[in-house]
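Hi,

Here is the structure I promised to pass on to you. My notes on what turned up in it follow underneath, so have a look at the model and then read on.

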Amino acid sequence: MTTLGAVSANFTRDLEQNYALITQLTEQAREQGVDFLAFPEAAIGGYLSALGNHGDTVKTTKRSLPPAITLDGPEIARIQEIIRDMVIAIGFCELAEDGETRYNAAAVLDGSTVYGTYRKVHQPLGEGMSYSAGSGYGVFDTPVGRVGLQICYDKAFPEAARMMALDGAQIIASLSAWPAARTATAENLQDDRWTYRFNLFDMARALDNQVFWIAANQSGTFGSLRYVGNAKIVDPGGNVLATTLLDSGIAVAEVDLDGTFRTMRAGMFHLRDRRPDVYGPLTDPEAPAKWQELAHA
């Protein structure tokens with residue numbers, strides 16, 4: 001059996017405060033026997049303070065941008081000291097080898113090993129003003145199984161999760177700083193339309209690919225953003241096993257990875273039953289795109 005955990009918490013620019021919170025949550029998870037714990041997007045240094053036309057940019061609001069860190073820097077080393085033997089996924093702003101390019105990134109690691117890293121591919125609402133986009137998806141062998149990483153808006157694209165499932169992902173960790181709707185926000189955030197979409201994507205992507213899906217998310221507020229929490233564990237049937245709803249904390253579920261896959265995939269196995277021979281336009285950039293005509297009608 002494997003125990004999975006998903007964090008809902010608020011992370012800011014204050015690194016020492018973030019380290020203290022990560023320590024607290026890691027100890028709490030350890031007390032519950034968690035083997036793999038997913039922290040949110042931008043858990044080291046916080047996310048952007050705004051999106052859209054008012055988003056942070058390197059040129060105009062550099063002081064408000066998250067601290068850019070390297071994989072071999074003191075920040076990741078500090079995280080490894082905190083987590084020790086626990087395997088985690090965590091988000092941060094990565095500074096590339098050129099010393100200038102910034103990526104919205106995530107890593108899966110424990111106290112001694114970085115098993116893999118990911119740079120966010122899909123960027124929403126002006127995020128590209130602050131970060132460069134990544135260019136691929138990887139799946140990484142870890143002590144808890146084969147793990148794929150996504151960040152926030154990636155979950156709206158079925159192709160991203162499908163690529164990782166085809167590469168043998170058993171667990172996909174989706175790390176987010178997912179806010180409530182910017183207009184017509186629901187009085188109760190659990191009823192907000194962006195909360196609905198966040199939860200629906202989590203269940204759909206788990207069921208689409210028959211994988212375990214761990215959704216971590218920021219909670220509380222930062223800048224102009226109000227986060228919706230709802231960290232959760234979803235099984236390969238699309239069933240939510242545990243959720244924090246709007247609260248901060250950890251959603252925890254004990255699962256049987258191999259046994260669940262045998263059961264869920266014994267009959268209808270979505271990866272086996274695909275028809276790639278009819279999917280050509282999905283990856284053909286020259287294919288006719290009627291949606292473009294509709295979008296500009």
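Let me start with one residue in the middle of a strand list: leucine 175 sits in strand S9, residues 171-176. Strands here are DSSP runs of E with at least two residues, helices are runs of H or I with at least four, and both are numbered from the N terminus. Before going further, please note that this is a predicted model, in which local features need pLDDT of at least 70 and side-chain atom pairs count only at pLDDT 80 or more, while totals for chains, interfaces and linings use all residues. Residues are numbered from 1 along each chain as its sequence is written, and side-chain values use heavy atoms, with hydrogens and water left out.

Back to leucine 175: its relative accessible area is 0%, so it is buried. The classes are buried under 20% relative accessible area, exposed over 50% and partly exposed in between, with a 1.4 Å probe and protein chains only. Leaving aside residues up to four places away in sequence, leucine 175 touches a set of residues including Phe39, Ile90, Ala106, Cys152 and Ala216, where a contact means heavy atoms within 4.5 Å. Its C-alpha lies 9.5 Å from that of lysine 155, which is 20 residues away in sequence.

Cysteine 152, one of those contacts of leucine 175, has a feature of its own: a positive phi of about 50°, although it is not a glycine. Most residues other than glycine have a negative phi. Cysteine 152 belongs to the loop between strand S8 (145-151) and helix H3 (158-166), and it counts as buried because its relative accessible area is 8%. Arginine 84 also has a positive phi, near 55°. That residue is in the loop between helix H2 (74-83) and strand S4 (87-95), and at 46% relative accessible area it is partly exposed.

Now the strand pairing, where two strands pair if DSSP finds at least two bridges between them. Strand S1 (residues 2-9) has 8 of its 8 residues buried, with Thr2, Leu4, Ala6 and Ser8 on one side and Thr3, Gly5, Val7 and Ala9 on the other. S1 runs antiparallel to strand S15 (residues 249-255), joined by 7 bridges, and parallel to strand S2 (residues 36-38), joined by 3 bridges. Leucine 4 stands opposite alanine 253 in S15 and opposite phenylalanine 36 in S2.

Further along, S13 (residues 232-234) and S14 (residues 240-243) are antiparallel, with 3 bridges. They form a hairpin with 5 residues between them, and glycine 238 in the turn has a positive phi of about 85°. Lysine 232 stands opposite threonine 243 in S14.

For a contrast in exposure, try aspartate 277, in the loop between helix H5 (257-264) and helix H6 (290-295). Its relative accessibility is 56%, so it counts as exposed. The C-alpha atoms of aspartate 277 and isoleucine 233 are 33 Å apart, with the two positions 44 residues apart along the chain counted as separation.

As for the whole chain, there are 6 helices and 15 strands, and 52% of the 297 residues count as buried. The C-alpha atoms fill a box of roughly 55 × 50 × 45 Å along the principal axes. Among contacts with a separation of 6 or more, 66% are between residues 24 or more positions apart.

Best wishes
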